[in-house]
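Please work through the following exercises with the structure in view. Each task is followed by a solution in steps.

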Amino acid sequence: PFPRSVSFVVLICCHICLLATEAAEPLITNIQAREQISLNGKWRYHVDQYQTGSGGFVPYSQDIKQESPSDRVEYSFDDADSIWVPGDWNTQKPKLYYFEGTIWYRKTFPSPATSPGVRQFLYFDAVAQRAEVFLNGEKLGEHEGGFTPFNFEVSGKLKPTGNSLIVGVSNRREEDKIPGMVTDWWNYGGITRDVRLVEVPATFIQDYSVQLAPDNDQQIEVTVELDNATNGQSVSFEIAELALSETAEADQDGIARFLISTPELQLWNPENPKRYSVSIESGQDKIEEQIGFRRIQTSGTKLVLNGEEIFLRGACLHEENPIRGGRAYSEEDARLLLGWAKEMNCNFVRLAHYPHNEHMARVADEMGILLWEELPLYWGIDWKNENTLGFAKQQFSELIRRDKNRASVIVWSIANETGDNPDRNHFLREVASHVRSIDNTRLLSAALKKFADHIGERHDHYIVNDPIAEILDIVSLNDYVGWYQGLPDSCERKSYEIAFEKPVVISEFGGGALQGFHGEKETRWTEEYQLWLYEENLKMFEKVEKIRGLCPWILVDFRSPLRQLPHIQDEWNRKGLISESGEKKAAFFEMQRYYESKK
Ligand code: GCB
């Protein structure tokens, strides 16, 4: 029964429990292929506006029910309103549109009857921004970061019926977190991606990486990591289409390695996104999935895919389905968004400004779209803070673990529009070496800023010399001539001096237009103004020799609290080439034509 008074003893005990709680456990790779039941659907919720938390005035982490008429219980999940998972809360409930704080979610579910030895895990594809997870009253752990997955083992903790899973979800913005306090996108909160109860055998395939060997396009390198393996346990690897079937023994850490020659291997590229059915088996566990093989490199100022020079015909995307409203999370959402990019003749998409859901990379693999993935290391990061650095490394580890077998992903981007200073440089160097230490097969970039040459007083001459570019493979630039700097006709006067012999990608350029608003091209917010801006920018970029790719900002209008102009913005960033109702603006067709000519 509910404690009749909240004593200090209770509070202190709860605090000690909190400190002693484990963080999330090593992630299971390729969750979609595992035996599972979905915990998606309607969950009950209580809003905890004053964030009294699990140890506070109302003990939301415990599913306490009134048992006798005299009991005082001041909340009730059984009678509470419900909300869909996956999904953000902002677009589901009008009263939660602007809400930033904590909401407690509860799901009750039966546990499937399991055979002896079967292990069970709860897997969250993402909870925005942080989660505290309780199962049947016991705390399982916490997770920080709204865009990457986490899991907890729950073997032996489930009852046949009536399990109560409670998740405290907070989307409060905090100075020392990633992102920081101000972003030009909506701070959606909630259990925004799938929740699953996963079953695996006692010894199972925890993680694996399958890719081309370094320096040899006819060799595949495979690493498989087993959990709970015996020394010498056999692991087999097969690609039936290539008549490849090999076995290896796991070492004492449960790791098996293969280096397999395969002269017939066809490489993956956007024109022919060839994938192979790969199967990995060990003991009672077997995993299958589609994997493509490709090599991405730079050579001087060139970008090279499978030995051939490539130009990135890109577009930026937020993880939002404007038509349904709110965060995108499903395979259908991925097909809609990437389908629009394909229609514009893109071979590349920048997934801005945080890791998108796993469907995006899987659908991109299938459709032949190269991807840039990034963390929200965006404006206002607390560069001096070691904890913040720790969160950045943790989130990159989770993202890379999830997406490392995706041929589509070619760039990890470590920052967006951050100022050159020693603390930021130390932070980003640490992040870069962390990323390279777990994955050195992809290119590193960061979206940088340019400066007008004030010293020479050549205001039309731009200089790109941010020293952080020294540790990057691609120099990327956010560039708003004609929108934040001058009118579109100023483009023809601009020149660029880029201090690095590396490929350059324009990671953002563009301007706003309200779809259906027409007028003179000099009138801001008209489709004509946006079209003019695109025409002038494209001519300007043609003259910058090192450019190897473009990413218009942005493919689709997106919600942002920074965009308040009534009747034009109404809380939407209007730089989309497509409106929030899916209508294409004139500049979309200009980009489509331009990319056709770049094929
Ligand atoms: C930027 C930011 C992006 C904004 C965009 C804009 O430079 O990187 O997040 O949304 O400009 O629209 O101003």
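The exercises below treat the chain as a whole, its domains, its helix pairs and its unusual backbone positions.

This is a predicted model, in which local features need pLDDT of at least 70 and side-chain atom pairs count only at pLDDT 80 or more, while totals for chains, interfaces and linings use all residues. Residues are numbered from 1 along each chain as its sequence is written.

**Exercise 1. The whole chain**

Task: State how many helices and strands the chain has, and compare its radius of gyration with that of a compact globule.

Solution.
Step 1. The chain has 7 helices and 34 strands. Helices (H or I, at least four residues) and strands (E, at least two) are DSSP runs, numbered from the N terminus.
Step 2. The radius of gyration is taken over C-alpha atoms, and the globule rule is 2.2 Å times the number of residues to the power 0.38.
Step 3. For 599 residues, a compact globule would have a radius near 25 Å; the chain has 25 Å, which agrees.
Step 4. Along the principal axes, the C-alpha atoms fill a box of roughly 80 × 60 × 45 Å.

**Exercise 2. The domains**

Task: List the domains and describe the contact of domain 2 with domain 3.

Solution.
Step 1. The domain assignment gives domain 1 (8-200), domain 2 (205-283) and domain 3 (297-556 + 585-598). Such bounds come from an automatic or database domain assignment.
Step 2. Between the C-alpha centres of domain 2 and domain 3 the distance is 32 Å.
Step 3. Domain 2 gives 11 residues to the contact and domain 3 gives 14 residues. Two residues are in contact if their C-beta atoms, placed from the backbone, lie within 7 Å.
Step 4. On the side of domain 2 that touches domain 3 there are 5 nonpolar, 3 polar and 3 charged residues. Here Ala, Val, Leu, Ile, Met, Phe, Trp, Tyr, Cys and Pro count as nonpolar, Asp, Glu, Lys and Arg as charged, and the others, Gly among them, as polar.

**Exercise 3. Helices H2 and H3**

Task: Are H2 and H3 roughly parallel or oblique to each other?

Solution.
Step 1. The axes of H2 (residues 331-343) and H3 (residues 358-367) are 9 Å apart, and the helices pack at an angle of about 50°. Axes are lines fitted to C-alpha atoms, for helices over the stretch in contact, and angles run from 0 to 180 degrees between N-to-C directions.
Step 2. Angles under 35 degrees count as roughly parallel, over 145 as roughly antiparallel, 65 to 115 as roughly perpendicular and the rest as oblique. H2 and H3 are therefore oblique.
Step 3. Glu331, Ala334, Arg335, Leu338 and Lys342 of H2 meet His359, Met360, Val363, Ala364 and Met367 of H3. These contact residues comprise 6 nonpolar, 1 polar and 3 charged.

**Exercise 4. Helices H4 and H5**

Task: Classify the orientation of H4 and H5 and name the residues that meet.

Solution.
Step 1. The axes of H4 (residues 386-403) and H5 (residues 422-438) come within 10 Å and cross at roughly 25°. H4 is therefore roughly parallel to H5.
Step 2. From H4, Leu389, Ala392, Lys393, Phe396, Ser397 and Ile400 meet Phe427, Glu430, Val431, His434, Val435 and Ile438 from H5. By class, the contact has 8 nonpolar, 2 polar and 2 charged residues.

**Exercise 5. Unusual backbone positions**

Task: Where in the chain do the cis peptide bonds at His353 and Ile554 lie, and where is Gln51?

Solution.
Step 1. Most residues other than glycine have a negative phi, and most peptide bonds are trans.
Step 2. The bond from Ala352 to His353 is cis, with omega near -20°. His353 is in the loop between strand S23 (348-351) and H3.
Step 3. Trp553 and Ile554 are joined by a cis peptide bond with omega of about 15°. Ile554 belongs to the loop between strand S32 (547-550) and strand S33 (558-559).
Step 4. Gln51 is not a glycine, yet has a positive phi of about 50°. The loop that holds Gln51 runs between strand S2 (41-48) and strand S3 (82-85).
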